[in-house]
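I opened a notebook page for this chain. My entries follow in the order I looked things up.

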Amino acid sequence: NSYEIGFLGDFKNNKIKLAAFYNSYKDFIGSKVTGYETVDAVENVRTTQITNVSDANIKGLELSNEFFLNDNISLITSAAYQEGEDETANEPLDHIDPFKAVTGFRYISSDNRFVGELIATYLGRAQYKDSDNSYLPESSTTLDFLAKYKVNNSLDLDLGVSNLLDSTYYKYQNVRGVRATAADLKKYAEPGRSLSAGFKFKF
């Protein structure tokens with residue numbers, strides 16, 4: 001059973017979307033880490049098992065907003081928060097993404113040929129069961145720059161610089177079930193500063 005209520009506003013200088021939801025489940029299908037094994041001489045390989053939770057719920061809030069400072073520059077913001085609970089065991093569901101917020105500035109040229117964005121992304125801490133000894137990533141903030149230029153009706157160019165500050169951080173879903181004492185923990189870290197470029201040609 002899913003319930004959702006939302007608000008959509010389109011004003012002169014502001015566009016906003018806000019939604020709240022509550023989902024109630026019977027026999028919720030999830031997964032859990034059951035242990036670590038050696039597979040083809042590779043040690044500490046996580047093993048997982050599909051599980052059923054008799055009664056569970058997931059609830060949250062989602063926000064999207066764009067505030068126009070002038071004809072070319074806007075402040076963009078989005079945020080998502082959700083939490084889940086195993087109602088049978090009275091403990092958190094351990095595969096729910098943590099709070100995430102994205103904010104930054106977007107510039108669009110007057111002729112709509114160039115778009116540039118400077119974006120900050122914040123990741124919060126996930127919920128864990130009290131008995132879980134897995135690594136729990138610290139909250140993190142990263143900064144990215146994205147640009148797109150429309151050369152003509154056929155050719156678009158893209159450029160991006162990710163993790164401008166070269167921060168070391170982890171995404172929850174990538175380390176879920178990894179032991180906090182794992183010697184190879186750093187291999188699960190996200191990439192440092194990186195550059196990407198591409199193009200799209202229509203014919």
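**Entry 1: elements.** I counted one helix and ten strands in the protein chain. Helices here are DSSP runs of H or I with at least four residues, strands are runs of E with at least two, and both are numbered from the N terminus. From the N terminus, I read the order as β-β-β-β-β-β-β-β-β-α-β.

**Entry 2: ground rules.** This is a predicted model, in which local features need pLDDT of at least 70 and side-chain atom pairs count only at pLDDT 80 or more, while totals for chains, interfaces and linings use all residues. Residues are numbered from 1 along each chain as its sequence is written, and side-chain values use heavy atoms, with hydrogens and water left out.

**Entry 3: overall form.** I looked up the radius of gyration, which is taken over C-alpha atoms. The protein chain has 21 Å, whereas a compact globule of 203 residues would have a value near 17 Å. The globule rule is 2.2 Å times the number of residues to the power 0.38. The C-alpha trace spans about 55 × 45 × 35 Å along its principal axes.

**Entry 4: surface and contacts.** I noted about 13,200 Å² exposed by the protein chain, with carbon and sulfur atoms supplying 53% of it. Accessible areas come from the Shrake-Rupley method with a 1.4 Å probe, and for residues only the protein chains shown count as cover. Of the 203 residues, 30% count as buried. Buried means under 20% relative accessible area, exposed means over 50%, and partly exposed lies in between (1.4 Å probe, protein chains only). Next I checked contacts, meaning heavy atoms within 4.5 Å. Among contacts with a separation of 6 or more, 55% come from residues 24 or more positions apart.

**Entry 5: charges.** I found 22 positive and 28 negative side chains. Lys and Arg count as positive, Asp and Glu as negative; His and the chain ends are not counted. The centres of the two sets lie 7 Å apart. For this, each charge is placed at NZ of Lys, CZ of Arg, CG of Asp or CD of Glu.

**Entry 6: salt bridges.** How many salt bridges does the structure hold? I got seven. The criterion is a side-chain nitrogen of Lys or Arg within 4 Å of a carboxyl oxygen of Asp or Glu. I went through three of the pairs.

- K26 and D55 meet through their side chains at 2.4 Å, N to O. K26 sits in strand β2 (residues 14-39) and D55 in strand β3 (residues 42-68), so this pair links distant parts of the chain, 29 residues apart. K26 is exposed at 65% relative accessibility, while D55 is partly exposed at 22%.
- R106 and E66 form a salt bridge at 3.2 Å, N to O. This pair also links distant parts of the chain, with R106 in strand β6 (residues 100-108), E66 in strand β3, and their positions 40 residues apart. R106 is partly exposed at 22%, but E66 is buried at 15%.
- K150 pairs with D156, and their closest N and O atoms are 3.7 Å apart. K150 is partly exposed at 27% relative accessibility; D156 is buried at 6%.

I also saw that salt bridges with shared partners join E66, R106 and E117 into one network.

**Entry 7: positive phi.** Most residues other than glycine have a negative phi. I wrote down two asparagines with positive values. Phi of N112 is near 65°, and phi of N163 is near 55°. N112 is in the loop between β6 and β7 (114-123). N163 is in the loop between β9 (155-162) and α1 (172-175). Is each of them buried or exposed? N112 is exposed, with a relative accessible area of 55%. N163 is buried, at 3%. I took one distance as well: N112 and Y3 lie 39 Å apart, C-alpha to C-alpha, and 109 residues apart in sequence.

**Entry 8: E87.** I placed E87 in the loop between β4 (73-86) and β5 (91-92). E87 is partly exposed at 38% relative accessibility. Which residues does E87 contact, leaving aside neighbours within four places in sequence? I listed Y22, D55, A56 and N57. D55 is also the salt-bridge partner of K26. Last, I checked E87 against T103: they are 16 residues apart along the chain, and their C-alpha atoms are separated by 34 Å.
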